[in-house]
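Student: Hi, I've got this model open and would like a hand finding my way around. Can we go through it together?
Tutor: Sure, let's bring it up and begin with one helix.

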Amino acid sequence: MHSLGVKCNEFAFPSVFKACTLTNDFRLGKQVHGTVVVTGFENDEFVLNSMVVLYAKCGEIADSTRIFDAIPRRTVVSWNALLNCYVQLFNVIPEKDLIAWNAVISGHSHNGEDVEAVSLFPLMYGEGVGVNQTTLSTVLKSIASLQASHICRQMHALSLKSGFEYNNYIVNGLVDAYGKCGQSEDASRVFKESQTSDLLAFTSMITVYSQDGQGEEALKLYLEMQSQGIKPDAFVYSSLFNACASLSAYEQAKQVHVQVLKLGFIIDIFAGNSLVNSYAKCGSIDDAERAFREIPERSIVSWSAMIGGMAQHGHGRLALQMFNEMLKEGVAPNHITLVSVLCACNHAGLVTDAKRYFSSMEELFSVQPMEEHYACMIDILGRAGKLDEAMELVNTMPYEANAAVWGALLGAARIHKNVDLGSKAAEMLINLEPEKSGTHILLANIYASAGMWDGVAKIRKVMKDSNVKKEPGMSWMEIKDKVHTFIVGDRSHPRGKEIYAKLEELSEPLRKAGYVPMVETDLHDVEEREKAKLLYHHSEKLAVAFGLIATPPGAPIRVKKNLRICLDCHTAIKLVSKIASREIIVRDINRFHHFRDGLCSCGDYW
């Protein structure tokens, strides 16, 4: 080919290098390397990857490493080739020094072989060659990947003993490792004791707080970081958006967004994806979509966040349209995307679409259904009243039914007042999660709706004997950076008199609009008049009343709730949205409800 004057390209060179590797013809390989440089392919990642393999297999470790370092995007093949070369050399060294040990441990760690990296460390330490910053930071990285908290503590002790407690790289490694091991208190202690003012350390700690659901701590640390004059980067903002998402703190998300715009980080894909997720979880799907459209190169994470957000806000059909748009752009879905697609079908009651996606996900997208997909599909069938199909899927799925599956069946039994299914699902759930009160409450609701008051009394006795406490319904809303919390019948709020006066003011317009308290949904052993009063003073109604008096006319009211919104409150708030000409957004434990002009985005299917 060469003699005929036909030029090689980026596809031909890798094949030639592979042939040289297989025949161990290093001399010819070097000549081809020269041709690569002359023809201008010395920066092509595929060509460079094949060269790494050739040089490594021929024992030219220095040249192999030099080429490897020049690769912009390394493949598993190039990593493996270099690592194998290191290991071969390492095994024949009679007296291995610290550099040799670090090289082979780093090779395993970079190659994702974390067990090997961590396992080699005690052998190295036993040889008495000592440790340095590279050793400790590399092993801590592998410990973080393995989430091995007990080993993390040992490495922490060794770091202190070796005098590295104030080394920024080690501090960052310990904070990251403790955080990924779920030990946020230990991570925080390391961070505070180090007294570091390093950007990477602040980023690591903010990320730990964000991932651990401690959004307020993450935002406080960001303010401290600013007070020290440390300029944040895109990774900090990505974690801050996630913190706002966990708090459902819309105002804070907007403030952080402004900072990002000022510094120009919005083009960063990580910050962009986190912003989409944050706005979606803060109740503003319109802001989420605007942020999504501004991401220059949308990845599968971007699409999944937006599709999931659409689903959670009740826009099932729009979510499916977006999924089809993603497929047209050539982005292949992963298992998370398909969970979001099934959730979209679930929230919109699209049973036929859900069946089609579920049955074809392996064939069309090469994604095998996992437990989350089965649980979602069982919930879809159950909510739609197809209880026999749901049970058939439970009995035939290749997984043991978990709490999510039995929870879906219990919810379906409540909707369709199926006492037998509810009893069975509750029994399984109580065995799996005996401490959770929600199971007992749902089963009591099922008994009550069927008029089985003996069953309700039995459930109450079981809860009392087992010391299972009912989780109180709680609602809260944020106004001017302050969170206001409400529970049923609560009068402790500073503006309590005004809140109850507003509820009283709404009572007549609500009655005229057709509102009738659904006393049958209340399980308290009191007279119907008292039940109606308790229903009217539910936490979400108190929060909405406060929103009406504490926010400007026409402004949206955003309420969060720790439990599922009850049917009575759902009906009342729909009417209030029309009476007061307000959009009222309620985020309950399952989804967002957007109430506007007497209607809800869920279409009364939730």
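Tutor: Find helix α31, residues 567-579: this helix lies across β4, β5 and β6.

Student: At what angle does helix α31 run to β5?
Tutor: The angle to β5 is about 40°. Keep in mind that this is a predicted model.

Student: OK, and the sheet itself: what's the strand order, and is the sheet open or closed?
Tutor: It is an open sheet of 6 strands, and the order is β2-β1-β3-β4-β5-β6 with mixed pairing. The edges are β2 (482-487) and β6 (599-600), each of which pairs on one side only.

Student: How do β4 and β5 run, parallel or antiparallel?
Tutor: They run antiparallel, with 4 bridges joining β4 (residues 584-587) to β5 (residues 592-596). To find the register, look at I584, whose bridge partner in β5 is F595.

Student: I was clicking around there and landed on R596. Which strand is R596 in?
Tutor: R596 sits in strand β5.

Student: Is R596 buried or exposed?
Tutor: In between. R596 counts as partly exposed because its relative accessible area is 46%, and that class lies between the 20% limit for buried and the 50% limit for exposed.

Student: What does the R596 side chain make a polar contact with?
Tutor: The side chain of E583, at 2.9 Å. If you skip neighbours within four places in sequence, R596 is in contact with S577, R582 and E583.

Student: And how far is R596 from I585?
Tutor: Their C-alpha atoms are separated by 8.8 Å, and the two residues are 11 apart along the chain.

Student: Switching to the other side of the sheet: how many bridges pair β1 with β2?
Tutor: There are 6 bridges between β1 (residues 474-479) and β2, in the antiparallel sense. One pair to click on is M474 and its bridge partner in β2, I487. The two strands form a hairpin with 2 residues between them.

Student: Which residue in that turn has a positive phi?
Tutor: K480, with a phi of about 50°.

Student: What joins β1 to β3?
Tutor: 2 bridges, again antiparallel, with β3 covering residues 557-561. There, W476 has K560 as its bridge partner in β3.

Student: Zooming out, how many helices and strands are there in the chain?
Tutor: The chain has 31 helices and 6 strands. Its C-alpha atoms fill a box of roughly 95 × 55 × 50 Å along the principal axes. Of the 606 residues, 49% count as buried.

Student: Where does UniProt list "repeat: PPR"?
Tutor: The UniProt entry, which is unreviewed, lists residues 97-131, 198-232, 268-298 and 299-333.

Student: What do residues 97-131 look like in the model?
Tutor: That stretch is 74% helix and 0% strand, with its end C-alpha atoms 10 Å apart. For residues 299-333 the figures are 74% helix, 0% strand and 10 Å between the end C-alpha atoms.

Student: Last thing, confidence. Which element has the lowest mean pLDDT?
Tutor: Helix α5 (residues 76-92), with a mean of 64, whereas helix α30 (residues 539-550) has the highest, at 95. Over the chain, the average pLDDT is 87, and 94% of the residues score at least 70.

Student: Why be careful where pLDDT is low?
Tutor: Because predicted coordinates should not be read in detail where pLDDT is low.

Key: Residues numbered from 1 in each chain as written. Predicted model: local features only at pLDDT ≥ 70, side-chain atom pairs only at ≥ 80, totals over all residues. Heavy atoms only, no water. Pairing = 2+ DSSP bridges. Contact = heavy atoms within 4.5 Å. Axes fitted to C-alpha atoms, helices over the stretch in contact; angles between N-to-C directions. Buried < 20%, exposed > 50% of the residue type's maximum accessible area, 1.4 Å probe, protein only. Polar contact = N/O pair within 3.5 Å; in protein donor to acceptor, adjacent residues only side chain to side chain. pLDDT = per-residue confidence, 0-100. UniProt positions renumbered as here; feature names shortened; annotations may be inferred.
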